[in-house]
Amino acid sequence: MIAERLTALRELMRREHLSAFIFPSTDPHQGEYVPDHWKGREWISGFDGSAGTAVVTLHSAALWTDSRYFIAAAEQLKDTEYQLMKLKMPGTPTIAEWLGQELKTVRSAEVGIDGMVSSARVVRDLIGELRLQGGITLRTNLDPLKQIWRERPVIPENKIELQPLKYAGESARDKVARIRKALRRQHANGMLMASLDDIAWTLNLRGTDVHCTPVFVAYLLVSSVDVTLFVSPAKLTDEVKAYLAEEGVMLRDYEEIADGLKHYFEYNILMDPDEVNYTLSQMVTRKVVEAESPVKRMKTVKNEVEMEGFHHAMLRDGVAMVKFLKWLSEYPDVTKLTELTIDEKLTALRAEQPLYRDLSFDTIAGYADHGAIVHYEATPETATHLKPEGLLLLDSGAQYQDGTTDITRTIALGPLTDEERKVYTLVLKGHIALSRAVFPEGTSGTQLDVLARQFMWREGLNYLHGTGHGVGSYLSVHEGPHQFRMEWKPAPLVAGMTITDEPGLYLEGKFGVRIENTLLVVPAMETAFGRYLQFEPLTLCPIDKRLIMMEMLTDEERQWLNDYHALVYERLSPCLNQEENDWLRAQTSKI
């Protein structure tokens, strides 16, 4: 099937005099997760990870992705002509470098990329990089999928819903006023908002256009005097239209965004080059202020109502997790369970909880060697039966209307090896060290990342994914720009932010370990040296003590674990029956 698609693409490329075409994983809104209509990279390559870029020439093909997907991508690409390019690994060429080699004998080579699904920054950088590779030019006005993807899904037109003020904590009108104030500080008269979660947050609206992420396809154009939502009319209920009119938001069709930009009347307009696609960035007739969208950081700092919502959502999620873990620990014959059974049971328990709306991402349930595949997703063909031994890595989360959850636990199913226990304890020590951090205001998460890795580095071990990401308030489970990771990202942590703490270690062909809590950044103290911050754990779920090499823990680490488990029991026990309480008491007992 992939071979047939490549043949059709290459026939089109020859007609268009293109030597190569680039397929990013993004959509016109630069989302990490995208509606099916824009999953062109997956369609042309067969690789279904959330991050990656496929490049096809007339005689070769390659796919770039990061360490989360090395194992999965290798498996999905093995029966195709695609060569796997491992990002950030020694010897891996950039896309431009690879094209320079592949097209070095082609005169006046031209490469295509759809400017509507590629950010302004990516395209501009690529233009410069390709120019250095023998003068290769880049064309941005062609979407080959319109011609060769015959059963392409339509752009979704699902109905938009209100996110009530009792969960949002701030009106859309007030948010727009804050945005305008921030724009004035950046000397901008208005802005084009393209990020779907930014739009949903700003307007206190939610949708179902993206799998597991409650957003809807739209653009928002903000000027100094008005706000216009560009959205398909089919998505609007009478209630939503009345609400938007009351909030002072005008409506135009989604397809009219180009016209809206051409007739934008202000002196200048802010466009975030990482969020606005290249094609739209070229349609503005006014001066462009290139800067980060102020909304990106605004929505990461939760207000009091959102923080309260997170606590409630985590409580309900913790109840579902405890019910699940008790069920699994008491299951009479785990060999009758599969990774899919695990997923289905946990999802059903979450769905019983009030305000449950959806999963926040597809559950990762990896038993034994599947746990070493960082973003493994079981299918009917790959799902492994469990055994009464070894490790189950379970990374999951839910969308509740008052908060989004993300938790990972690694669970012992029976006898363990010393290697499994040592790796688990190294990960736990890193998790605890980061969770216990106290740091001055202005500190970036990337300055703290080493706390989670220090113990495994001493053993010559490491993991290549980030240690933590922001979490939205009934929005995307991945929210930035703040994060924990090795690469420098200068986004300071601010009180009110949510962020995950999820170090891991993965031994290919053996097992994987990850422990994850979602944290809330809160004030710690104020001294002569300034204000200090710390983390409050939001996630409420026991950490499997059977896996710990106790002799590897310090007294401070033991105390942290005991304190955390006391918190888990205190918060969850009133919500459980007697049998569940007895089970939880044992799981959270002191070490």
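In this predicted model, helix H14 (residues 304-329) and helix H15 (residues 339-351) bring their axes within 9 Å of each other and cross at roughly 140°. That angle makes H14 oblique to H15, and the crossing by which H14 passes H15 is right-handed. On the H14 side, the contact is built from Asp 317, Ala 320, Met 321, Lys 323, Phe 324, Trp 327 and Leu 328. These meet Ile 342, Lys 345, Leu 346, Leu 349 and Arg 350 of H15. Sorted by class, the residues of this contact come out as eight nonpolar and four charged, with no polar ones.

H14 also has a second helical partner, H19. Helix H19 (residues 578-587) packs against H14 at an angle of about 80°, with the two axes 10 Å apart. Here the angle makes H14 roughly perpendicular to H19. From H14 come Val 322, Lys 323, Leu 325, Lys 326 and Ser 329, and these meet Glu 579, Glu 580, Trp 583 and Leu 584 in H19. The contact of H14 with H19 has four nonpolar, one polar and four charged residues. Lys 323 turns up here, meeting H19, and it is also listed among the H14 residues that meet H15.

Next comes the sheet that goes with H14 and H15. Three strands make up an open sheet, ordered E15-E18-E19, and their pairing is antiparallel. Strand E15 (356-359) and strand E19 (403-404) sit at the edges, each pairing on one side only. Strand E18 (residues 398-400) is joined to E19 by two bridges, with the two strands running antiparallel. In one of these pairings, Gln 399 has Thr 404 of E19 as its bridge partner. H14 lies across E18 and E19, and its direction is at about 130° to E18. H15 packs on the sheet as well, touching E15 and E18, and its direction makes about 160° with that of E15.

Thr 404 of E19 leads on to a buried glycine, since Thr 404 is one of the residues that Gly 472 touches. Gly 472 is placed in the loop between strand E22 (468-470) and E23. How accessible is Gly 472, buried or exposed? Its relative accessibility is 0%, so Gly 472 counts as buried. Leaving aside residues up to four places away in sequence, Gly 472 touches Lys 302, Phe 310 and Glu 479 along with Thr 404. Arg 14, in contrast, is far off: it and Gly 472 are 458 residues apart in sequence, and their C-alpha atoms are 44 Å apart in space. E23, on the other side of that loop, spans residues 479-484 and holds Pro 481. The peptide bond that joins Gly 480 and Pro 481 is cis, with omega at about 20°.

Strand E17 (residues 391-396) is mostly covered, with six of its six residues buried. Leu 391, Leu 393 and Asp 395 point one way from the strand, while Leu 392, Leu 394 and Ser 396 point the other way, and all are buried. E17 pairs with two strands described here. Strand E16 (residues 364-367) pairs with E17 in the antiparallel sense over four bridges, and Ile 364 has Asp 395 in E17 as its bridge partner. With strand E20 (residues 407-412), E17 pairs over six bridges, again in the antiparallel sense. Within that pairing, Leu 394 stands opposite Arg 409 in E20.

Backbone angles single out two more loop residues. Ser 108 is not a glycine, yet its phi is positive at about 55°. Ser 108 is found in the loop between helix H4 (95-102) and strand E5 (110-113), and because its relative accessibility is 74%, it counts as exposed. His 187 also has a positive phi in a residue other than glycine, near 55°. The loop that holds His 187 runs between helix H8 (172-185) and strand E8 (191-193). With a relative accessible area of 65%, His 187 is exposed.

Conventions: Residues numbered from 1 in each chain as written. Predicted model: local features only at pLDDT ≥ 70, side-chain atom pairs only at ≥ 80, totals over all residues. Heavy atoms only, no water. Axes fitted to C-alpha atoms, helices over the stretch in contact; angles between N-to-C directions. Parallel < 35°, antiparallel > 145°, perpendicular 65-115°, else oblique. Left-handed = near helix turned anticlockwise from the far one by under 90°. Contact = heavy atoms within 4.5 Å. Nonpolar A, V, L, I, M, F, W, Y, C, P; charged D, E, K, R; others polar. Pairing = 2+ DSSP bridges. Buried < 20%, exposed > 50% of the residue type's maximum accessible area, 1.4 Å probe, protein only.
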